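I opened a fresh page for this chain and kept my notes in the order I looked things up. Here is the model I was working from.

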Amino acid sequence: MLYASLAVVALAFALLAVYIAKTLTVLQETLRRLTEMIGHTDEQVQAVAGEMRQLLQTANRVAHDVQKNVHALSGVVEAVGETGEALKLANRALRQTAATLLRAADSSKMKWWETLQKANVFRKRWAKWRRKQSGKEVEINGQRQ
């Protein structure tokens with residue numbers, strides 16, 4: 001019976017060794033696949049990281065260009081604002097000049113009118129005086145007086 005017991009123990013030990021060997025083989029295959037997947041994932045991460053670096057560089061260049069253009073446009077916007085202010089001042093000056101000229105023209109017009117009235121009065125009196133001097137009728141504005 002001792003031999004039978006030893007045979008059973010030997011058989012159990014052999015089965016255990018076979019089972020452990022199969023488990024180790026499956027584990028080795030699993031580790032190989034896992035290593036392969038990690039290597040593949042690492043390659044993908046490296047590729048994505050490279051693309052992200054390129055995208056970040058592009059984004060930085062775009063942001064720099066936008067900043068540069070905004071800075072350049074701020075000068076244009078400032079110049080347009082200054083031009084608008086200059087146009088306002090010029091418009092105000094033109095309005096004031098026009099108003100002054102209109103007042104001066106009205107004043108000159110009144111002076112001419114007054115001068116013409118005085119000249120007409122003078123002409124009438126001169127004609128009257130000549131008439132008295134000569135005793136003849138004189139024609140004034142197409143009328144005999």
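My entries below go from confidence to overall form, then to the helix and one residue in it.

**Confidence.** I began by reminding myself that this is a predicted model. The mean pLDDT of the protein came out at 85, and 92% of the residues score at least 70. I then asked where confidence is lowest and where it is highest. Strand S1, residues 139–140, sits at the bottom with a mean of 60, while H1 is at the top with 87. I left a caution in the margin: where pLDDT is low, predicted coordinates should not be read in detail.

**Layout.** I counted one helix and two strands. Going along the sequence, I wrote the pattern down as α-β-β.

**Overall form.** What radius of gyration does the protein have, set against a compact globule of 145 residues? I found 59 Å for the protein, where such a globule would be near 15 Å. I also boxed the C-alpha atoms along the principal axes and got roughly 190 × 25 × 20 Å.

**The helix.** H1 covers residues 2–134, which is 133 residues. I checked its length next: at 1.5 Å a residue it should span 198 Å, and the end C-alpha atoms lie 188 Å apart, so the two agree.

**Burial and surface.** How many of the 145 residues count as buried, as a percentage? I got 3%. In H1, I noted Gly 50, Ala 127 and Arg 131 as buried. The protein exposes about 13,500 Å², and I put down 65% of that area to carbon and sulfur atoms.

**One residue, Ala 21.** I picked Ala 21, which has its place in helix H1. Is Ala 21 buried or exposed? Neither label fits: its relative accessible area is 38%, and buried needs under 20% while exposed needs over 50%, so I logged Ala 21 as partly exposed. From Ala 21 I went to Ala 98, 77 residues away along the chain, and the C-alpha atoms of the two are separated by 111 Å.

**Charges.** My last lookup was the charge balance. I have 22 positive and 13 negative charges for the protein, and their mean positions are 30 Å apart.

Note on methods: Residues numbered from 1 in each chain as written. Predicted model: local features only at pLDDT ≥ 70, side-chain atom pairs only at ≥ 80, totals over all residues. Heavy atoms only, no water. Helix = DSSP H or I, 4+ residues; strand = E, 2+ residues; numbered from the N terminus. Expected span 1.5 Å × (residues − 1). Buried < 20%, exposed > 50% of the residue type's maximum accessible area, 1.4 Å probe, protein only. Rg over C-alpha atoms; globule rule 2.2 N^0.38 Å. Areas by Shrake-Rupley, 256 points an atom, 1.4 Å probe, with all protein chains shown as cover. Lys, Arg positive; Asp, Glu negative; His and termini not counted. Charge placed at Lys NZ, Arg CZ, Asp CG, Glu CD. pLDDT = per-residue confidence, 0-100.
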